[in-house]
Structures are given as C-alpha cells and as structure tokens.
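Trainee: I would like a close look at one part of this model. Please take me through a helix and the packing around it.

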Amino acid sequence: MSVRPIALIANGSEPNTGPERAALAACFGCVCCDRLPPIGAPPLLQIVGDLDSLDVSGVSPGLITDCHEDQESNDLTKGVQWISRHFPQALIHYFAVTGKREDHTLANLALIAAMQRPAQVFSASGWFRVLLAGVHRLTVRPKEAISFLSFVPQRISASGVVWPVERLLLDSLWRATLNRCRGKVVMVRCEAPLLVFQPWKGL
C-alpha cells in the first residue's frame, strides 16, 4: 500500500490553482472519471467510466475500465469502487468535483461524505476534510476561516474556534458555517461523516 494518497479526478473545474496543483502532484497516482488526466497529474492508474465522449485511442487498454453497461451509479462512485478494490487502505484526494454546475458540486460532496472513508477534497477556493464519526484533532492556522457541514442530521462539538460549538444539532447545511480558528488546533467531535472546509490562505 502506498503511504501517499491517490487522486480521484472528476469532470468539474480543473485543478489550476497553486494549492490544488501542489496537492495533485503529491499523490501516488490518479484515477480519472471518464476523462484524461489534467496537466501535472501523477501517473495514470485507471480511467473509469462509460467512455461515451472520450477518445482513449492513445491509452493502454489495461488502464481503462469501461462501465457503459452499469448505469446504476455515477462515475465518481465507480472510481471510488475501483480504488477500494485495488488500494483498499489508500487515502483519496478528490479533484475537479466542484465548480461548473452547483447541483453537481452539492451531489458530489454529499456522495463523498456518504462513502464513509476519510478523504480530502480540493477546489479553487479551498479544501474539505472528510471526518468520520469520532474525535479529531485538526491542525489549523490562527484566525483562518473554518466551516462544518453535514449532509445528515447529527450533533457536533468543536473547540478552538472563535464561536464554540457544543452539541450543536446540524439539521441544515448552513448551521455551523463561517466560524474562525482561535489558535493552531481545533478539536472536533462528530456522530457521522462531517465535512470541514477551510479556504486557501488569503481568501
């Protein structure tokens, strides 16, 4: 198993910012959802999808998983399933799952949370950490923005933030957003998968 994460690249906005490119370059390899790898991506591990609008003539057949007969799940799910079979312990870093269409962005984030595995999601404006149920110690920067989002009702607690969160019921996406970090550590307790968003420095 590789200690470094695997990049799962969808079809949203391309990872063009400096932080996104740095995170992508740090990955062991990439799995692409019905697309070719972007510039600067690590070695291609697999292309997964229905391939209906993709020219794969220059790609080795061994790097292609044709799922056109399976329309019960989307390409992001198929990509996670491929990684789970071949690299079951790998941390997944997601790219290009946000941007373009807002409905796709929300659906992708909800799907990633529902996968029930730790992950990180990178976008042009910042990054999400996907936390599973339990207690988590997050390294942060003092005074930076931080938001907690849940796609399922749950109670969370967070210390080390300007506005402390104590057993707060998250029954809507906005409930625990737009907070700020006090110091260099934030402690979080959650009952279900939780997305923690932080913008890139300066945003």
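Mentor: Here is a look at one helix, followed by the cores and a sheet.

This is a predicted model: local features need pLDDT of at least 70, side-chain atom pairs count only at pLDDT 80 or more, and totals for chains, interfaces and linings use all residues. Residues are numbered from 1 along each chain as its sequence is written, and side-chain values use heavy atoms, with hydrogens and water left out.

Start at Thr 77, in helix 2 (residues 75-86). Helices (H or I, at least four residues) and strands (E, at least two) are DSSP runs, numbered from the N terminus. Thr 77 counts as buried because its relative accessibility is 13%; buried means under 20% relative accessible area, with a 1.4 Å probe and protein chains only. Setting aside residues up to four places away in sequence, Thr 77 touches Leu 111 and Met 115. Contact means heavy atoms within 4.5 Å.

Now Leu 76. Leaving out neighbours within four places in sequence, its contacts include Leu 8, Tyr 94 and Leu 111. Leu 76 is also among the residues with the most contacts inside the largest nonpolar core, which has 27 residues. Such a core is a set of buried Ala, Val, Leu, Ile, Met, Phe, Trp, Tyr and Cys residues joined through side-chain atoms within 4.5 Å. A second, separate core of 18 residues includes Cys 27 and Trp 127.

Last, the sheet. An open sheet of 4 strands has the order 8-13-10-11, with antiparallel pairing. Two strands pair if DSSP finds at least two bridges between them. Strands 10 (residues 154-159) and 13 (residues 185-190) are joined by 3 bridges. Ala 158 has Val 188 in strand 13 as its bridge partner.

Technical notes: Buried means under 20% relative accessible area, exposed over 50%, partly exposed in between (1.4 Å probe, protein chains only).
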